[in-house]
Amino acid sequence: MTAKRVLVCGSLLGFLPVTLALSQAQNTPRQPAASQQRETVAKPLSAREKRARDERLRRELESPYRRWLDEDVSYIISDEERTAFKRLSTDEERENFIEQFWLRRDPTPDTMENEFKEEHYRRMAYANDRFASGIPGWKTDRGRIYITFGPPDEIESHPSGGTYQRPFDEGGGITSTFPFEQWRYRWIEGIGTDIIIEFVDKSMSGEYRMTMDPSEKDALLMVPNAGLTLIEEMGLASKDDRFSRSDGTRLGIGDQPLSSRLNQFNRLEQYVKLQKPPAVKFKDLEAAVNSRITYNVLPMLARVDYIRLTDSSILASFTLQFDRKDLQFQLKDGMQRATVNIYARITALSRRPIQWFEDTVVVECLPEALPEMIKGVSVYNKTIPLPPGMYRLNVVAKDLTGGNMVNYETALHVPRFDDESLGASSLIFADVLEKVPTRSIGTGQFVIGASKVRPRVSETFRRDEKLGIYVQLYNFEPDEKTQKPNGVIEYEVVQQGTNKQVLSFTEEVSSIDGASANQVTVERLLPLQNMEPGKYTLKMTVTDRNRDQKVTTSGSFTVL
């Protein structure tokens, strides 16, 4: 019953305004039809109002991306990346940009986890938790430094200020300070070693400000005859002299020179560098890779060889060769020097980054040796383990002096070696083939296992040289008694064009040093003095007698 009574009252109350409105309408003169139409029809938006509406909608939609740019990555994004992001017009473009931004910084792009991204957001959470002071912790000076460079190696904290014994390079003596902290980094890339950053809370509110002036933490700075330095106590200087210094500090050290750490130019340079995002090496080369533009100005030869490490990991050996006559040399510090920057990226066929490397090749000599130096070549080598599969390799090399550049792209077919099948690595023709010292095994350029194998990328040799032959053979069926491989290798060298056989011999696999059923390493030096100039093909046929399997590998070379 209660519900019904309320419903009736509500109905009556709703009826009264309608009755009043009808009564007023009867007493009001009738308006022309045109006037009634103007009052009931909505006025269309002007072009200016439409633009304002669209702009409000655009700002509302892009707010998550704006927060990502201005908050999430504000300290680590470069100016070029920021400008490029602001030019994007669709959400799809922004999503792709953000994905590539994190992939570019991923130290292990071949894994699902992005350690850089995870560490970055961990630092932001830590900064918000520890450094907040009326504003979010990531906005504070300590938050900025922590997010950009990570936790310091040492922290000297004075959260309450109080009595403080100054170090000698700040004048010595005893004073009282505001709360302050000194952070020390042993090394920061692009800035230097032994970096000391000081934060002072002059407002006593918990908001520490980064400072360039070590005297800013002195709470007695403005108090006459208080907190004197050693020189001021001895009467060799006046405290008033602190306020006439021209080096940006108010240290009471009199006419004594500042230490190198406190030098005004060093302090200013450090302060500026701390505001910059972490640098990405060879940005111009990476931009060339991303743009997929092919340059053929700087001649370069490249080759890739594959060596088995494990069943699921193959060592890809990348070798690049530059003719020195194509490089630009510059006289600097009494030496003729040419420098080439190299940036390379390995991606899946879908262009997802898998691995990358960057390095610098420097060639230098005395000025008088330059005519002979430019007759040779410079060879660079990098080895990277990859799982079997198909990949794409992009290499960009730039001559820093001449500005010439090359963009090289090729497909990588990383092989898979079946445990039940006889297999062979790449056949490498080398101009250097020698054992390395025990301490160098497995390390350094051109080192494969216990041997230094420098490929001749051009595969061209003089008659007075020896042709180095390097190949690894895998998965022989072991002999039941000796557990040794039982096989034979047939070598055949044929001159191209005439198909004339110039060399043929065989070698027992068991006679090779270190031979095992799992792996046999063939290292041979082939004299070329008896070969006529021309092109030749070396064919190696390997037979596993126990398993009755064969594998053939071959390669071509030129004799001058």
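This passage describes a helix, a set of paired strands, a surface patch and two loop residues in a predicted model.

Helix H5 spans residues 91-105 and comprises 15 residues, and the distance from its first C-alpha to its last is 22 Å, close to the 21 Å expected at 1.5 Å a residue. The N-terminal end of this helix is capped by threonine 90, a side-chain oxygen of which lies 3.2 Å from the backbone nitrogen of glutamate 93. Within H5, the buried residues are Arg94, Phe97, Ile98, Phe101, Trp102, Leu103 and Arg105, a list in which aromatic residues such as Phe97 and Trp102 stand beside the arginines Arg94 and Arg105.

Further along the chain, strand S4 (residues 180-188) pairs with strand S5 (residues 192-200) in the antiparallel sense, and 8 bridges link the two. In this pairing, tyrosine 185 is placed opposite isoleucine 195 of S5. The two strands form a hairpin in which 3 residues lie between S4 and S5, and the turn includes glycine 190, whose phi is positive at about 85 degrees. Strand S5 is also joined to strand S6 (residues 209-211), in this case by 3 bridges and again with an antiparallel course. Here valine 200 stands opposite arginine 209, a residue of S6. Strand S5 is thus bridged both to S4 and to S6.

On the surface, a nonpolar patch is formed by Phe168, Leu230, Met234 and Leu236, which together present about 510 Å² of accessible area. Of these residues, leucine 236 is located in the loop that connects helix H8 (230-233) with helix H9 (264-274). Leucine 236 is classed as exposed because its relative accessibility, 65%, is over the 50% cut-off.

Positive phi values also occur at two residues other than glycine, asparagine 499 and aspartate 548. For asparagine 499, phi is near 55 degrees, and the residue lies in the loop between strand S21 (487-495) and strand S22 (500-508). Because the relative accessible area of asparagine 499 is 64%, this residue counts as exposed. For aspartate 548, phi is about 55 degrees, and the residue is found in the loop that separates strand S24 (534-544) from strand S25 (549-559). Aspartate 548 has a relative accessible area of 67% and is therefore exposed as well. In each case a loop between two strands holds the residue concerned, as seen for asparagine 499 and for aspartate 548.

How values were computed:
Residues numbered from 1 in each chain as written. Predicted model: local features only at pLDDT ≥ 70, side-chain atom pairs only at ≥ 80, totals over all residues. Heavy atoms only, no water. Helix = DSSP H or I, 4+ residues; strand = E, 2+ residues; numbered from the N terminus. Expected span 1.5 Å × (residues − 1). Buried < 20%, exposed > 50% of the residue type's maximum accessible area, 1.4 Å probe, protein only. Polar contact = N/O pair within 3.5 Å; in protein donor to acceptor, adjacent residues only side chain to side chain. Patch = residues over 30% accessible without salt bridge, like charges linked within 9 Å, V, L, I, M, F, W, Y side chains within 5 Å. Areas by Shrake-Rupley, 256 points an atom, 1.4 Å probe, with all protein chains shown as cover. Salt bridge = Lys/Arg side-chain N within 4 Å of Asp/Glu carboxyl O. Pairing = 2+ DSSP bridges.
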